[in-house]
Structures are given as C-alpha cells and as structure tokens.
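These are my notebook entries from a session spent looking up the strands and the charged side chains of one chain. I began with the sheet and then turned to the salt bridges.

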Amino acid sequence: MTDYVQAVIDMLGHPQADGATPAAWLRLEGELGRSLPADYKAIADAYGARQINHHLYLDRPGTGWRDLGVWMCRTSQLWSQEKAVKEGVESPVDPRVIFGLPEISFGTAEGLIPLAGTDQGHIIFLAPQVHGVPDGIAVLSREGAWAGYALSFAEWLYRYLIGEEMCGWDSAVFYPGPVHLEYLSTEPGQQTRVVYGPPRGM
C-alpha cells in the first residue's frame with residue numbers, strides 16, 4: 001500500500017518549514033468543530049505558505065498574512081453566499097448526491113471545509129464523504145462545477161502533481177522535471193523565493 005504522504009515528500013523534497021504549533025491546529029479544529037485529517041496537516045506543516053506546481057496554494061495556521069484559519073473562514077463565507085454552487089441541475093452532478101448531504105454548507109463540521117486553492121479558480125475542500133467514502137476531496141471550479149474524489153488529501157495531491165485530472169474534467173496540469181515551490185510572503189518586508197523539489201525523471 002502506497003504511503004502517499006511520503007510519496008509527496010519524495011516529490012517535493014525535504015520539508016523546509018517549521019510547521020504550525022499543535023495549539024494552532026487545535027484552535028483551528030475547535031473553530032471548525034472537527035479534526036482535520038492527519039495527512040493534510042502533515043503536508044500543510046511541511047509545505048505551508050507556498051505555491052506548489054505554479055498553481056496550488058497551500059497554507060497552515062498561525063502564519064501571519066497567510067493564516068489558514070482566516071482563509072478558511074473567508075472562503076466559507078464567500079461560497080455560503082453563492083446559492084448556485086449548492087445545487088446541481090442533474091442528479092449525477094448535484095453536489096448533494098456526490099457528497100451524500102441533504103444540503104451543502106461550508107466551513108462546518110457536517111459540511112465542506114476549504115483546504116487549498118489554485119490561481120485557476122479551483123477550491124479544494126474536505127468533504128465528510130465522497131460516493132460513500134469518508135473524508136474525501138471535493139473540488140469546486142470558478143464556474144461552479146463540482147468534482148468528487150474518494151481519496152485522501154495526500155493521494156489527491158500526489159495524483160495532481162503527476163498530472164492527473166484532479167480538479168474536474170480537462171483540468172490536468174503537468175510540468176516535467178522538479179516541482180516548482182514558491183515561498184509566499186507572510187509578513188511585511190518578506191520576500192518570496194523559489195525552490196525546486198528533487199529530480200523526478202518526468
């Protein structure tokens with residue numbers, strides 16, 4: 001069985017982030033009313049406050065301008081106001097059917113919790129279930145289209161990085177060679193910087 005957290009680390013390189021304090025995660029989980037998956041927290045701790053693969057933004061709690069909890073709250077409030085994203089026209093694409101929920105809510109223990117986003121307008125959520133599998137990944141496009149993946153966050157990210165369609169139809173993004181990682185500013189005067197993961201023969 002593949003250890004997808006290790007597979008992601010192998011692709012991105014040795015973590016160079018200090019990680020959030022346990023207290024920061026506990027505070028965030030208390031606000032959400034549920035615990036977050038261990039694989040997601042491990043990867044966010046290792047690579048938070050970075051843009052990965054040119055498009056994917058990943059943060060962690062307690063990082064100044066890029067505090068994960070603040071972003072989760074703002075993102076949940078934004079999409080909670082968009083009634084159109086809660087309903088599908090046909091049952092196979094209705095998010096309530098995909099995620100087994102009577103109604104879609106954002107940022108709640110029973111609803112969808114934002115985990116990451118892209119500069120292409122995708123929001124990646126933790127779903128209570130996807131097609132009956134607990135703690136899957138839900139992706140919402142800028143146009144309001146939903147996709148569900150019955151995968152852990154680590155496996156979803158691994159597959160995203162190797163160029164599979166992990167944000168819905170025709171969404172694959174692949175760059176051969178080492179993965180591009182950009183450290184993002186988290187406080188005034190801090191400069192961004194770019195590093196690369198190890199060679200991966202792709």
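Which residue in β2 is the bridge partner of Q51? I looked this up in the model, which is a predicted one, and found that the partner of Q51 is Y57. The two strands concerned are β1, covering residues 50–52, and β2, covering residues 56–58, and I noted that they pair in the antiparallel sense over three bridges.

**Entry on the sheet.** I then followed the pairing outward and found an open sheet of eight strands, in the order β6-β5-β4-β3-β2-β1-β7-β8, with antiparallel pairing. At the edges stand β6 (146–149) and β8 (193–196), and because each has a single partner strand, one side of each is left without a neighbour in the sheet. From one strand to the next, I recorded an average twist of 30°.

**Entry on a helix over the sheet.** Next I checked what lies across β3 (113–118), β4 (123–130) and β5 (133–140), and found helix α4, residues 68–80, which runs at about 95° to β3.

**Entry on the salt bridges.** With a cut-off of 4 Å between a side-chain nitrogen of Lys or Arg and a carboxyl oxygen of Asp or Glu, I arrived at a count of six salt bridges. One of them joins the side chains of R34 and D135, with 3.2 Å from N to O. R34 sits in the loop between α2 (22–32) and α3 (38–47), whereas D135 belongs to strand β5, so this pair ties together parts that are 101 residues apart in sequence. I also looked up how accessible the two partners are: R34 is buried at a relative accessible area of 18%, while D135 is partly exposed at 29%.

I turned next to D59, which forms a salt bridge with R66, and wrote down 2.8 Å between the closest N and O atoms. Is D59 buried or exposed? Its relative accessibility is 6%, and since buried means under 20%, D59 counts as buried. Its partner R66 has a relative accessible area of 23% and is partly exposed.

**Entry on a network.** Finally, I asked which residues are linked with R159 in a network of salt bridges, and found E155 and E164. For the pair of R159 and E164, I noted that the side chains meet at 3.1 Å, N to O. Here R159 is partly exposed at 24% relative accessibility, and E164 is likewise partly exposed, at 29%.

Terms used. Residues numbered from 1 in each chain as written. Predicted model: local features only at pLDDT ≥ 70, side-chain atom pairs only at ≥ 80, totals over all residues. Heavy atoms only, no water. Pairing = 2+ DSSP bridges. Helix = DSSP H or I, 4+ residues; strand = E, 2+ residues; numbered from the N terminus. Axes fitted to C-alpha atoms, helices over the stretch in contact; angles between N-to-C directions. Contact = heavy atoms within 4.5 Å. Buried < 20%, exposed > 50% of the residue type's maximum accessible area, 1.4 Å probe, protein only.
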